[in-house]
Number of protein chains: 2
Amino acid sequence: MAIKTILPEDKLPTQWYNIAPDMPEGSLKPPLNPGTGEPIGPEDLSAIFPMSLIGQEVTTDRFVDIPEEVQEIYKLWRPSPLIRATRLEKALDTPAKIYYKYEGVSPAGSHKPNTSVPQAFYNREAGIKRIATETGAGQWGSAMALATEMFGMECTVYMVKVSYQQKPYRRSMMEVWGAEVLASPTDRTNSGRKILEEDPESLGSLGIAISEAVEDAATHDDVNYSLGSVLNHVLLHQTIIGEEAQLQMEMAGDYPDIVIGCIGGGSNYAGLAFSFMRDKLTNGKDIEFLAAEPTACPTVTKGQFTYDFGDTLQSTPLMMMHTLGHDFVPAGIHAGGLRYHAMAPLISALVNTGNMDAVAYTQNEIFEAAIQFARSESIIPAPESSHAIKATIDKALEAKEAGEEKTILFNLSGHGYFDMSSYDSYLSGSLEDYAYPEEKIKESMAKIPKMG
Amino acid sequence: MAIKTILPEDKLPTQWYNIAPDMPEGSLKPPLNPGTGEPIGPEDLSAIFPMSLIGQEVTTDRFVDIPEEVQEIYKLWRPSPLIRATRLEKALDTPAKIYYKYEGVSPAGSHKPNTSVPQAFYNREAGIKRIATETGAGQWGSAMALATEMFGMECTVYMVKVSYQQKPYRRSMMEVWGAEVLASPTDRTNSGRKILEEDPESLGSLGIAISEAVEDAATHDDVNYSLGSVLNHVLLHQTIIGEEAQLQMEMAGDYPDIVIGCIGGGSNYAGLAFSFMRDKLTNGKDIEFLAAEPTACPTVTKGQFTYDFGDTLQSTPLMMMHTLGHDFVPAGIHAGGLRYHAMAPLISALVNTGNMDAVAYTQNEIFEAAIQFARSESIIPAPESSHAIKATIDKALEAKEAGEEKTILFNLSGHGYFDMSSYDSYLSGSLEDYAYPEEKIKESMAKIPKMG
């Protein structure tokens with residue numbers, strides 16, 4: 001039996017899958033202009049995004065061609081392997097078959113370059129010389145630094161100052177790939193200067209860094225902004241994962257009963273899941289979809305499905321999605337990539353229509369699962385991805401209990417080699433578990449704007 | 001044209017290649033007992049190695065079967081990809097074709113598990129319950145922690161105290177894989193206690209850590225010792241790299257004119273090179289072999305080919321090899337894996353018989369090459385492997401000068417994601433270049449024992 005299913009290079013998908021036209025009727029609501037309450041148009045976004053990406057944001061084409069130059073760069077690390085977790089199955093003594101798609105093989109160590117590369121490409125095609133973006137822990141910043149370097153563009157990364165100081169390795173990585181990395185708040189933008197005037201010692205926040213990057217893009221003609229999750233076009237690019245996985249599952253002679261992933265903004269899970277969701281939505285395939293999130297930021301399991309802002313400073317359009325309130329600030333869990341107050345509208349709509357479920361886990365639960373995975377499958381997973389591993393182990397044990405030979409597929413969205421200090425905290429027993437922050441959620445939810 | 005050549009799983013090599021029987025006649029000299037000056041026998045090694053590995057150390061079989069259990073574990077990350085560096089070729093504007101074999105895909109991030117896995121396997125077969133080994137920067141210790149975990153064995157890693165303190169992430173990695181990691185010198189061994197008595201604040205050294213691990217193994221019946229480079233059986237296991245590369249080059253429709261790798265103890269380069277050296281030694285193929293080492297530890301370019309000890313404390317048999325003297329301590333360069341005073345006897349003999357050349361580079365030279373590679377090929381290479389990249393770039397530029405379409409193949413033995421602080425030093429211009437330490441080498445060479 002094959003452990004690893006590798007797609008031959010000539011079988012690599014040449015199109016991304018757009019789930020929008022297959023969504024349940026009426027399930028998607030348009031983004032609204034917060035001033036007028038009216039649906040936004042392309043012109044509302046053209047100051048910071050190229051028209052090609054705005055077009056992908058609203059397209060009704062079921063498939064979108066992947067530009068050849070993007071395909072060539074994908075080939076540096078794609079196709080990512082589909083791996084049968086035989087050693088984990090054995091350790092769990094489960095009749096379930098467990099497969100995972102491993103996105104940690106990308107040079108940035110996660111699925112993020114699947115979208116940073118096409119985003120850089122379309123911006124370069126539009127004559128853009130530089131991308132401005134923000135990064136917290138550094139995953140997205142590295143992916144964008146890599147992508148712009150590949151297309152000979154410049155990149156400015158506004159990195160939250162506390163991360164800039166605490167995660168020098170991620171910063172070095174971006175600099176190796178030629179990006180300029182600034183500790184945000186900076187004195188380069190009005191937003192940054194305003195914050196520094198109030199508090200010269202500010203350690204920054206993702207919200208501030210976003211504001212700085214957007215301002216940089218909006219105030220320079222040849223500079224655009226770029227986002228690493230949530231938006232439709234970002235999820236579209238990530239479907240390369242699922243399109244490959246469909247072909248690989250076929251090569252392996254199997255098909256998933258359950259498809260699992262972790263969710264922060266939703267892009268890695270959408271990337272794997274949507275190609276299988278297509279079979280459910282259009283062919284009635286009986287597949288269970290399960291998204292795993294942290295109890296410290298329980299967007300889907302405890303949030304509301306409603307219109308809210310995508311950022312703390314209320315500068316984005318209003319989007320219909322699961323949200324804990326735009327000024328909800330989650331506890332400092334190690335799965336930094338899952339600390340987002342809201343969820344991709346496409347994922348939210350699928351949950352809202354009963355096509356997808358969610359579950360939440362504490363830090364100690366997910367690290368226990370991560371260690372079990374590392375000790376059987378050898379790869380040390382990212383704390384984010386370990387949420388998916390925990391859900392997978394639970395489902396595999398359920399299958400054992402029921403004596404069912406279920407086939408489980410999950411997305412191992414990244415490796416944990418930059419997260420060893422968090423493993424250290426877990427192994428030394430000093431990792432804090434955060435329960436649902438009920439009171440905090442109630443407060444931030446009260447500030448969600450009332451629309452419609 | 002294919003960027004990446006992936007070997008189908010059913011084509012994976014099932015045998016390692018043993019170069020010993022193909023070596024030029026009389027080029028290999030037996031290891032000697034330093035007390036008697038006579039060749040050592042199996043019994044001299046049986047306290048710390050299983051007979052199966054001692055057998056591989058001296059076998060004259062050209063091919064050795066890879067045990068099925070080892071093949072199964074190899075499959076977790078093998079075959080490693082063969083990648084055509086088209087973007088680097090373009091950046092260099094060279095007619096040369098550049099291929100590299102990427103060993104950084106292993107869970108430990110380097111080629112080291114290719115031998116730690118079979119070593120753990122053979123020891124378990126021999127009834128050994130625990131492996132004791134040393135590690136400096138942590139690469140070898142992680143590879144052995146991973147391997148023992150895969151076979152349900154215990155692992156004790158004596159980690160040089162200064163690294164234990166400075167590289168907590170590598171330590172956590174070993175602990176994730178279930179190893180016990182001790183800061184050496186420890187109070188568990190006579191060797192450790194002796195050092196601590198003299199200097200309670202000792203930061204340790206690789207020599208001390210080796211002594212502790214060997215003592216641990218020699219004084220416990222169910223514990224053995226394990227070494228990550230230099231010895232014949234270690235190089236044998238690494239030939240999985242070259243055996244795959246032979247098949248992949250054939251799939252790519254090409255064959256190398258030049259084969260390049262970095263050398264510390266010699267195992268990664270031997271792993272790639274020996275399968276092609278076979279074609280040179282037995283079929284007269286015209287291939288250039290070039291090994292790259294640091295100027296700070298110029299074992300082959302400036303050392304002597306003579307009998308010397310493998311360790312500082314003179315506890316090993318005497319081996320015929322290139323050496324800078326067994327008590328030579330190189331400057332603290334970032335390519336920690338290349339800081340060894342001697343060279344594998346097999347590599348040394350190939351250099352000595354004119355079948356292989358060597359070249360030495362400074363730190364700033366190799367980091368400049370590493371950055372150029374990362375910015376074109378996207379992977380951030382380990383400082384060790386960057387010596388091979390520098391040699392490759394030089395050869396590709398020579399080919400450009402001469403207008404020759406040479407085919408170059410090199411081993412990218414590991415990634416640099418645990419070495420970002422050294423990139424930081426390079427980018428900030430604070431990296432020191434070490435010239436050949438002429439005086440120091442003269443001193444340590446004077447202490448090489450006079451044999452025969």
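Colleague: How many residues does the contact take from chain B and from chain A?

Modeller: Happy to start there, with the reminder that this is a predicted model. The area buried between chain B and chain A is about 3,800 Å², and carbon and sulfur atoms give 60% of that area. As for residues, the contact takes 42 from chain A and 42 from chain B.

Colleague: Nice. Which helix gives the most to the side of chain B that touches chain A?

Modeller: Several helices of chain B each supply at least two residues to that side, including H2 (68-74), H5 (139-150) and H7 (168-176). The one that gives the most, with six residues, is H7(B).

Colleague: And which residue of chain A forms a salt bridge with Asp424(B)?

Modeller: Two salt bridges are counted between chain B and chain A. In one of them, the closest N and O atoms are 3.5 Å apart. There, the partner of Asp424(B) is Arg171(A).

Colleague: Now the backbone: what is omega for the peptide bond from Ser184(B) to Pro185(B)?

Modeller: Pro185(B) sits in the loop between strand E8 (180-184) and helix H8 (190-198) of chain B. The bond that leads to Pro185(B) from Ser184(B) is cis, and its omega is near 10 degrees.

Colleague: Last one, on Ser378(B): is that residue buried or exposed?

Modeller: Ser378(B) is in the loop between H15 and helix H16 (383-402) of chain B, and its phi is positive, near 85 degrees, though the residue is not glycine. Its relative accessibility is 1%, and the cut-off for the buried class is under 20%. Ser378(B) therefore counts as buried.

Technical notes:
Residues are numbered from 1 along each chain as its sequence is written. Chains are lettered from A and ligands numbered from 1 in the order in which they are written. This is a predicted model: local features need pLDDT of at least 70, side-chain atom pairs count only at pLDDT 80 or more; totals for chains, interfaces and linings use all residues. Side-chain values use heavy atoms; hydrogens and water are left out. Contact means heavy atoms within 4.5 Å. Buried area is the accessible area (1.4 Å probe) that two parts lose on being put together, summed over both. A salt bridge is a side-chain nitrogen of Lys or Arg within 4 Å of a carboxyl oxygen of Asp or Glu. Helices (H or I, at least four residues) and strands (E, at least two) are DSSP runs, numbered from the N terminus. Buried means under 20% relative accessible area, exposed over 50%, partly exposed in between (1.4 Å probe, protein chains only).
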